[in-house]
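Hi,

Here is the structure I promised to pass on. Have a look at it, and then read my notes below.

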Amino acid sequence: MALSARTAPPGLKAVRGPLGRRSQRPGAVATHRRGDAKLAWLLITPAVVGFLVFFAYPTVRGLYFSFTTFHILTPAKWVGLANFRELIHDSVFWHSLGVTAYFVAVSVVLGVLFSLITAVVLHRLTNSTVIRGLIILPFLISGVVAALVWQWMLDPQLGIISALIEKVTGQHLLFFGDSHWAVPSLAAISIWKSMGYNAVLIFAGLQTIPPTVYEAGRLDGASEMQMFRRLTVPLLRPILVMVVILTVIGSFQVFDIVQVTTKGGPANASNVLQMYIYEKAFGELDFGYASTMSLALFVMLIAITFTQMRLARANESDLS
Amino acid sequence: MSTLSSSATTAGPRPAAGARPRFSPGKAVAWIYVVVVLVVTIFPFYWILRTAFSNNVALPTDPSSLLPVDFTVGAFKRALGLASTAEAQSQGGSGASLDTALYLRNSIVYATVQTALVVFFSAMAAYAFSRLRWKGRDAVFTVLLCALMVPGILTLLPNFVLVRNLGLMDSFAGLILPGALFSAFNVFFLRQFMLGLSTEIEEAAIVDGASRMRIFFKITLPMTAAPIATLSLLTFINTWNDYFWPLLVTNGEHARPLTLALGVFKQSSPQAAPDWAGLMAATLIAALPMLVLFMVFGRRIVNSIGFTGLK
């Protein structure tokens, strides 16, 4: 909070610092500026090289690959829109997209809902950093570790959760081995892993809402539920939108927990897009087509992000 | 749910606790919810511990025992490659071994070097973008920020091809280089902070004849210590847990990090009777550095996540 208060808004025109003062002494400005430019380029050289070599160039190259047949060992061959035509008729791709959308929907709806409830409850009950720290624990460990321990707890023979569920409901569930349960099980891992992190983000947002807002609401005779719906949620909107966008982007690219647990199975039931792209590229060495799918995924992510920001008017803050 | 949020709204806005009754049914429900959340969050960690100290052969005899089944440290011995093959097999380990110590070293090298380099280079760039005046500054910055928009998936395959063409497969250089020079988020984050620093100390140093480079190292970097620590923590955690990039670049054990080795080990272990105890012991070793970081820097991590969200 202190940080955001002190720093300039993200607008790029925010020019502060030495200039303001020095502009009163034109002579000094000139000499310093010349030296500054040289030093500045020296300082940004690593970043610029990294950007050009590992972001800009690969992005352009990825675009190019998606119009080629490319099997890594032989040079890429231009084939125009052939990959895109294949994409449209590829039933596995559309199935993967459906699986991914299902996974994203479950992760986002339940994940954000639980995070919001947890953040609001914690904010009202306690300021304890220890509790917020504990719920963040799953965020610190890798997806692989999370996937392994959940797969173990959900193991049909020896898993503690399987045993518990069998005792309570009498049902024997296969979780990752069952085509109906594979995606919800994966979503459960993903929600478990990110819930605390999102709750802490929302919690930080709650802390920025001044108590006077609620006092005014109370004076106007608003009920608690009304204040939650009419004050808390709208004031939290920018941060909620950010959490939703981050969760969507993150779950659209889910890979590690799938690769460790189901590898896309059983029978493609959990074959998410990133898994399919990986299979195409490294299983079948079809880099051209895999690049086309990456491009499609990228376009979808951009479109979704922009739509969400539009819908939620994320850039406006009701607080100012 | 409605009970929860409404009761929750009641208590908060007025922190004057004395005016409120100490106990209310709504509050009790809310506390129960918190306890359930904490149990669900922490139980898997306990389960890793419980399984890691169990004897894998004895596990099926009491699958829902809350304590280790037939307590032993054999699983850790297996995970660290200290057990003889006969000893390992007698406790239900497979003959295949996971050289945890070597992978652990790889993880430490990967995460430490990557974090140190990218945070330092980002601080350098952030200084140029916030404290120096030069032509084209804002334009260059805007272009670099575009990288925030590009998700990993678009650059992963071409970067793999690039690293392969450079002959850097299966090496730390190939693993680290793509992420070591530039991070749009880090540059943006540090620039925001440096923009807010007071200019007076810097100007005094200039008057005293200090060079810009000296000012960067002796004044700006120390003043930026807190956000740099925050970024280092987050970068270290992310790198330690990274899976996809190491999966593409490493195929032997020379540079393969532990996180990845665990996943691969799990897939190669027999479906029928996996060595869950050994696997959980290795998992614990993989997660341990994160848990230690958490014990030491827990408060900072919590606060920094709040920070990063509020910009």
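**A proline with partners in both chains**

Leaving aside neighbours within four places in sequence, A:Pro138 is in contact with A:Trp192, A:Lys193, B:Thr41 and B:Phe45. Before I go on, please keep in mind that this is a predicted model. A:Pro138 sits in helix H6 (residues 129-140) of chain A. Its relative accessibility is 0%, so A:Pro138 counts as buried. One of those partners is a long way off along the chain: A:Pro138 and A:Lys193 are 55 residues apart, yet their C-alpha atoms are separated by 4.8 Å.

**A leucine in helix H5**

A:Leu122 belongs to helix H5 (residues 91-125) of chain A. Is A:Leu122 buried or exposed? With 4% relative accessibility, against a cut-off of under 20%, A:Leu122 counts as buried. Not counting residues up to four places away in sequence, A:Leu122 touches A:Ile131, A:Arg132, A:Ile135, A:Phe203 and B:Val34. For A:Leu122 and A:Trp152, 30 residues apart in sequence, the C-alpha atoms are 30 Å apart in space.

**Where the two chains meet**

Now for the interface. On one side 117 residues of chain A take part, in contact with 111 residues of chain B. The size of an interface is often given as the accessible area lost when the parts come together. Between chain A and chain B that buried area is about 10900 Å², and carbon and sulfur atoms give 77% of it.

How many salt bridges are counted between chain A and chain B? The count is 1. The side chains involved are those of B:Arg212 and A:Asp36, at 3.4 Å from N to O. There are also 9 residue pairs in polar contact across the interface, with both residues at pLDDT 80 or more. As for the side of chain A that touches chain B, helix H3 (residues 26-65) of chain A gives the largest share, 24 residues. Sorted by class, that side of chain A has 81 nonpolar, 22 polar and 14 charged residues.

**Salt bridges**

Over all chains, the search finds 5 salt bridges. B:Arg212 turns up again here, in a salt bridge with B:Glu202 whose closest N and O atoms are 2.8 Å apart. B:Arg212 lies in helix H11 (residues 212-223) of chain B and B:Glu202 in helix H10 (residues 200-207) of chain B, so the pair ties together parts that are 10 residues apart in sequence. B:Arg212 is buried, at 9% relative accessibility, and B:Glu202 is buried too, with a relative accessible area of 5%. Both belong to a network of salt bridges that links A:Asp36, B:Arg131, B:Glu202 and B:Arg212.

Two more pairs to look up:

- A:Glu284 and A:Lys280 meet through their side chains in a salt bridge of 3.0 Å, N to O. A:Glu284 is partly exposed at 47% relative accessibility, whereas A:Lys280 is buried with a relative accessible area of 10%.
- B:Asp138 and B:Arg137 form a salt bridge of 3.5 Å, N to O, between their side chains. B:Asp138 is partly exposed, with a relative accessible area of 26%, while B:Arg137 counts as buried at 4% relative accessibility.

**The nonpolar cores**

Which residues have the most contacts inside the largest nonpolar core? They are A:Leu140, B:Trp245 and B:Leu262, in a core of 145 residues. Helix H15 (residues 276-310) of chain B supplies the largest share of this core, 17 residues. For a closer look, try B:Leu262: leaving out residues up to four places away in sequence, B:Leu262 touches A:Val144, A:Val145 and A:Leu148 in chain A, and B:Leu98, B:Leu279, B:Ala282, B:Thr283 and B:Ala286 in chain B. Another core, of 45 residues, lies apart from the largest one, and B:Leu132, B:Phe189, B:Met194 and B:Ala205 are among its residues.

**Chain B as a whole**

Chain B has 15 helices and 0 strands. Of its 311 residues, 56% count as buried. Taking the contacts in chain B with a separation of 6 or more, 70% are between residues 24 or more positions apart.

Over to you!

Note on methods: Residues numbered from 1 in each chain as written. Chains lettered and ligands numbered in written order. Heavy atoms only, no water. Contact = heavy atoms within 4.5 Å. Buried area = accessible area lost by both parts, 1.4 Å probe. Salt bridge = Lys/Arg side-chain N within 4 Å of Asp/Glu carboxyl O. Polar contact = N/O pair within 3.5 Å; in protein donor to acceptor, adjacent residues only side chain to side chain. Helix = DSSP H or I, 4+ residues; strand = E, 2+ residues; numbered from the N terminus. Nonpolar A, V, L, I, M, F, W, Y, C, P; charged D, E, K, R; others polar. Core = buried A, V, L, I, M, F, W, Y, C linked by side-chain atoms within 4.5 Å. Buried < 20%, exposed > 50% of the residue type's maximum accessible area, 1.4 Å probe, protein only.
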